[in-house]
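Got the viewer open and a hand on the selection tool? Let's walk through this one stop by stop.

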Amino acid sequence: MVSANGHHFYKSWIGLFIMQSTAETPALNDPIIYEFPLNERIRVFMRLEQLFQQLDHFMAGDSVWDSRAVISTLLDILTLFSRNDLKSETLKELDRHAAVLTRMAHNQDIDHAKLDKVLTKLDKLSKELYATPGKLGLSLMENELFKSISQRSTIPGGTCSFDLPAFHYWLKLDDHTRRHDLENWLEPFRLIRSAIDILLNFIRTSATPTEERAIGGFFQKSLDHTLPFQLLRVAVKRSQPYFAEISGGKHRFTVRFMIPDTVERPTQCQEDVTFELTCCLL
């Protein structure tokens, strides 16, 4: 935390816990935010975050089609869990965040009551995840109904009633019974979802946005590879007729502002574009 980037990182975290709020950097009016993860762990966390948000949307409905959408989304979540040791990865991130916050406890400007509350929450989540036996979601992966749906879902339209009569029967149960089953099937993922939500929120608020300019729609920047950058965030005014295409890695990245086209391939704009950039460092 000696470098300029590290200093900004430290100050931004201090800002989360200071007693009195300070003036924030003015944000762009009603921006669209494009995010780009800089490592595989954050990439998987963000995919899970989106899938859990999809679950929330479809769980709010009570139609058969909502239940079908919940099951389809849950199968995607199970696929991610089968390919990654997400329990171990989440615990590592929780421990790392707790260590960073603990090092800040000696600063006099920090609201220690808030800091202690956050550390207690992280510690509670870690202990509960450690205490969870086996692989998360394993019981659901071994559920015969889910196995059969998973096998048929690779076929377009493969979950029709004549393909899966057991699934068809379940879908015809009353709304209350279906919802009760869905809530039970989602329960094993409750803890890890809470942990991922907290971790991604910490990362997204770990740095202050800076105003940048893409000359001719192109921007490039190098990153200090000795610092743990996790995520890039590009905020573009909604009124601007471009979308941000981000590429790169932990050493260097580029942002291209593209003109959308529903028929032809998008092309890079030729105008200079002002945007906000956040290099999330934690």
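What follows is a tour from the whole fold down to single residues.

**Stop 1: the whole chain**

Before you select anything, keep in mind that this is a predicted model. Colour by secondary structure and you should find ten helices and eight strands. The protein has 282 residues, and 41% of them are buried. Switch on a surface if you like: the accessible area comes to about 15900 Å², with carbon and sulfur atoms accounting for 53% of it. How far apart in sequence are the residues that touch? Of the contacts between residues at least 6 apart, 77% join residues at least 24 apart.

**Stop 2: the cavity**

Next, go inside. How many cavities of 30 Å³ or more does a search of the whole structure find? There is one, and about 70 Å³ of space lies in this largest cavity. To see its lining, select Phe-58, Met-59, Gly-61, Asp-62, Ser-63, Asp-66, Ser-67, Val-70, Asp-175, Arg-178, Arg-179 and Leu-182. Three helices each give two or more residues to that lining: α2 (40-59), α3 (64-83) and α9 (175-186). The largest share, four residues, is from α9. Colour the lining by class and you get five charged, four nonpolar and three polar residues.

**Stop 3: the tryptophans and their neighbours**

Now show the aromatic side chains. The whole structure holds seven aromatic pairs. Start with Trp-170 and Trp-185, a tilted pair with 5.4 Å from centre to centre and 35 degrees between the planes. Trp-170 sits in helix α8 (residues 165-171) and Trp-185 in helix α9, 15 residues apart. Are these two buried or exposed? Trp-170 has a relative accessible area of 6%, so it counts as buried, and Trp-185 is buried too, at 14%.

Keep both tryptophans selected and add Phe-146 and Phe-167: ring pairs link these four residues into a cluster.

**Stop 4: two phenylalanines between strands**

Over to the strands, with a second ring pair. Which way do the rings of Phe-219 and Phe-275 meet, given planes at 85 degrees? They are edge-to-face, because the cut-off for that class is an angle over 60 degrees, and their centres are 5.3 Å apart. Phe-219 belongs to strand β3 (residues 218-222) and Phe-275 to strand β8 (residues 273-281), so this pair joins parts of the chain 56 residues apart. Phe-219 is buried at 10% relative accessibility, and Phe-275 is buried at 0%.

**Stop 5: Thr-254 and Glu-245**

Stay with Phe-219 and pick out one of its contacts, Thr-254. Thr-254 is in strand β6 (residues 252-259) and is buried, with 10% relative accessibility. Leaving aside neighbours within four places in sequence, Thr-254 is in contact with Phe-218, Phe-219, Gln-220, Glu-245, Ile-246 and Ser-247.

From that list, click on Glu-245, which lies in strand β5 (residues 243-248). Glu-245 is partly exposed, with a relative accessible area of 39%. Beyond four places in sequence, Glu-245 touches Thr-254, Val-255, Arg-256 and Met-258. Try a distance label as well: the C-alpha atoms of Glu-245 and Tyr-34 are separated by 8.2 Å, though the two residues are 211 apart along the chain.

**Stop 6: Phe-189**

Jump back to the helices and find the loop between α9 and α10 (190-204), where Phe-189 is placed. Phe-189 is a loop residue, yet it is buried, with a relative accessible area of 2%. What does Phe-189 touch, not counting residues up to four places away in sequence? Select Phe-52, Leu-74, Ile-77, Leu-78, Phe-81, Gly-137 and Leu-140. Leu-78 is 111 residues away along the chain, with 10.0 Å between its C-alpha atom and that of Phe-189.

**Stop 7: Arg-152**

The last selection is Arg-152, in helix α7 (residues 144-153). Arg-152 is partly exposed, at 28% relative accessible area. Outside the four places on either side in sequence, Arg-152 touches Gly-158, Asp-163 and Leu-164. Draw one more label, from Arg-152 to Leu-164: these residues are twelve apart along the chain, and their C-alpha atoms are 8.1 Å apart.

How values were computed
Residues are numbered from 1 along each chain as its sequence is written. This is a predicted model: local features need pLDDT of at least 70, side-chain atom pairs count only at pLDDT 80 or more; totals for chains, interfaces and linings use all residues. Side-chain values use heavy atoms; hydrogens and water are left out. Buried means under 20% relative accessible area, exposed over 50%, partly exposed in between (1.4 Å probe, protein chains only). Contact means heavy atoms within 4.5 Å. Accessible areas come from the Shrake-Rupley method with a 1.4 Å probe; for residues, only the protein chains shown count as cover. On a 1 Å grid over the protein atoms alone, a cavity is a set of points where a 1.4 Å probe fits but cannot get out, and a pocket is an open set with protein on both sides within 12 Å along at least five of seven lines; lining residues have an atom within 4 Å of a point. Grid points are joined across faces, edges and corners, and a volume is the space filled by probe spheres set on the points. Ala, Val, Leu, Ile, Met, Phe, Trp, Tyr, Cys and Pro count as nonpolar, Asp, Glu, Lys and Arg as charged, and the others, Gly among them, as polar. Rings of Phe, Tyr and Trp (its six-membered ring) pair if their centres lie within 6.5 Å; planes under 30 degrees apart count as stacked, over 60 as edge-to-face and the rest as tilted.
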